[in-house]
Amino acid sequence: MKDIEGNQKRPGRSAYDVLAVLPYYWPETTGHCQSLNSLLPFMARRGLRVAVLTSNRLYSGSGTLSLFERHEGVDVWRVFVPDVPRGGRVGPWVHAAWLTVGALRILRRLKLRSLFCITSPPFLFAFLAATKRRRTVIGLWAMDIYPDVLAECGIIRRGGLLEGCLRQFASRGYAV
C-alpha cells in the first residue's frame, strides 16, 4: 500500500525516534501547527524517524484528510474523528474523546523512543500515562492548564465535583 506521495506505507509495528500527538497538523497552519510543521520535518531531515498522530479533520471543519501519508519525511497517522461543530460545549469534547481513543489504538502498534504532546484539546495529554510503562521519554507542551481554564471561563463551577474529578485526571497526566 502506498501513501499519497507514492511512498511505501509502513505496515505493522513501526519504530519512531519521535512521536507527536496533536489535534491538528499539516496542512493546517493554525496555532501550534506553525511551529511543528517546521520542527518535525527538520528532525526528520536530521535522520530521526518522526511520526505524528493527529485528527483527520481540518481545523476549519471543511473536509477530511487521508488516514496515513508521509509529508517531508514525517509519517502522519490520522485518527478518524466524526464531523462535529467546533463551537459550543459538546463539539470540542467529542473531538478530543475520539482523537484520544483513536490515538491510543494506533499507539499500541507503534514502538517509540520519545513522545511529545500538547495540552490542547483538554486532557489529550493525560493519555501519556499509557506510555509510562514503555520507558518512553515524554515531552509536554503546556498551552492551557486544565481544569483551571474551564473554571475561569465559567464552563465548570470552581470547587465543584466536576472540577475535582478533572483536576485528579489532569494531575495523573502531569505526573507522567
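Is Tyr24 buried or exposed? At 9% relative accessibility, Tyr24 counts as buried, since buried means under 20%. Keep in mind as you look through these close-ups that the model is predicted.

**View 1. Tyr24 and Tyr59 meet edge-to-face.** A search through the whole structure turns up three aromatic pairs. One of them is Tyr24 with Tyr59, an edge-to-face pair with 5.3 Å from centre to centre and 85 degrees between the planes. Tyr24 sits in the loop between strand S1 (14-21) and helix H1 (32-45), while Tyr59 sits in the loop between strand S2 (50-55) and strand S3 (68-71), so this pair ties together parts that are 35 residues apart in sequence. Tyr59 has 33% relative accessibility, so Tyr59 counts as partly exposed.

**View 2. Phe80 and Trp98 make another edge-to-face pair.** Here the ring centres of Phe80 and Trp98 are 5.7 Å apart and the planes are at 75 degrees, which is why the pair is called edge-to-face. Phe80 belongs to the loop between S4 and H2, and Trp98 to helix H2, so the pair ties together parts that are 18 residues apart in sequence. If you want to trace the chain, strand S4 covers 74-79 and helix H2 covers 91-107. Phe80 is partly exposed at 44% relative accessibility, and Trp98 is partly exposed too, with a relative accessible area of 43%.

**View 3. Leu67 joins Phe80 and Trp98 in a surface patch.** You've just met two of these residues. Leu67, Phe80 and Trp98 form a nonpolar patch on the surface, and together they have about 320 Å² of accessible area.

**View 4. Arg70 reaches Asp75 through a polar contact.** Find Arg70 in strand S3. Its side chain is joined to that of Asp75 by a polar contact of 2.7 Å. Is Arg70 buried or exposed? Arg70 comes out at 17% relative accessibility, so this residue counts as buried.

**View 5. Asp17 and Arg113 form a salt bridge.** The structure holds eight salt bridges, and this is one of them: the side chains of Asp17 and Arg113 meet at 2.7 Å, N to O. Asp17 is in strand S1 and Arg113 is in strand S5 (residues 110-118), so the pair ties together parts that are 96 residues apart in sequence. The two partners sit in contrasting surroundings: Asp17 is buried, with a relative accessible area of 16%, whereas Arg113 is exposed, with 56%.

**View 6. Asp148 and Arg167 link two helices.** This salt bridge has its closest N and O atoms 3.3 Å apart. Asp148 is in helix H3 (residues 148-152) and Arg167 is in helix H4 (residues 161-175), so to speak a bridge between distant parts of the chain, 19 residues apart. Asp148 is partly exposed at 30% relative accessibility, and Arg167 is also partly exposed, with a relative accessible area of 36%.

**View 7. Arg158 and Glu163 belong to a salt-bridge network.** Arg158 forms a salt bridge with Glu163, and the closest N and O atoms are 4.0 Å apart. Arg158 is partly exposed, with a relative accessible area of 47%, but Glu163 counts as buried at 6% relative accessibility. Now zoom out a little. Which residues are linked in the network of salt bridges? They are Asp148, Glu152, Arg158, Glu163 and Arg167.

Terms used:
Residues numbered from 1 in each chain as written. Predicted model: local features only at pLDDT ≥ 70, side-chain atom pairs only at ≥ 80, totals over all residues. Heavy atoms only, no water. Patch = residues over 30% accessible without salt bridge, like charges linked within 9 Å, V, L, I, M, F, W, Y side chains within 5 Å. Areas by Shrake-Rupley, 256 points an atom, 1.4 Å probe, with all protein chains shown as cover. Helix = DSSP H or I, 4+ residues; strand = E, 2+ residues; numbered from the N terminus. Phe/Tyr/Trp six-rings, centres within 6.5 Å; stacked < 30°, edge-to-face > 60°. Buried < 20%, exposed > 50% of the residue type's maximum accessible area, 1.4 Å probe, protein only. Polar contact = N/O pair within 3.5 Å; in protein donor to acceptor, adjacent residues only side chain to side chain.
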